[in-house]
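Me: I'm new to this one and would like a close look at a single part of it. Here is what I have open.

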Amino acid sequence: MCRSIKTLRPPMTPEVTEDDIHAAALQYVRKVSGFRAPAAHNQEAFDRAVQAVTDATRELLADLVVRGA
């Protein structure tokens, strides 16, 4: 879907920062919404979506079990 979003799970990415997670969420929301920078009337919805995807990504990475790691 969005080739610029990198894999964030170990061992593909040994150290994942909060900035990495937020950047991936931002890229995802931009791709899905079709907006690089939303209009002022859409900014709040855009920001909420980025935060929700950031939170879901953080939770996913924390819950993954990587075999052989």
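Which residue takes a positive phi just after helix 1? And could you walk me through the helix itself?

Reply: Sure! A quick word on the ground rules: this is a predicted model, where local features need pLDDT of at least 70 and side-chain atom pairs count only at pLDDT 80 or more, while totals for chains, interfaces and linings use all residues. Residues are numbered from 1 along each chain as its sequence is written, and side-chain values use heavy atoms, with hydrogens and water left out.

Your residue is Gly-34, with a positive phi of about 85° just after helix 1. As for the setting, the protein has two helices and zero strands (DSSP runs numbered from the N terminus: H or I of at least four residues for helices, E of at least two for strands).

Helix 1 covers residues 18-33, so 16 residues, and reaches 22 Å from first C-alpha to last, close to the 22 Å expected at 1.5 Å a residue (the expected span is 1.5 Å times one less than the number of residues).

Now look at Ile-21, Ala-24, Ala-25 and Val-29: these are buried in helix 1, meaning under 20% relative accessible area with a 1.4 Å probe, protein chains only. They sit on the same side of helix 1 because they cover an arc of only 130° around the axis, taken from the directions from the helix axis to the C-beta atoms. What do the buried residues of helix 1 pack against? That's helix 2, residues 43-63, with contact meaning heavy atoms within 4.5 Å.

Zooming out, 17% of the 69 residues of the protein count as buried, and its C-alpha trace spans about 45 × 20 × 15 Å along its principal axes.

Technical notes
Buried means under 20% relative accessible area, exposed over 50%, partly exposed in between (1.4 Å probe, protein chains only).
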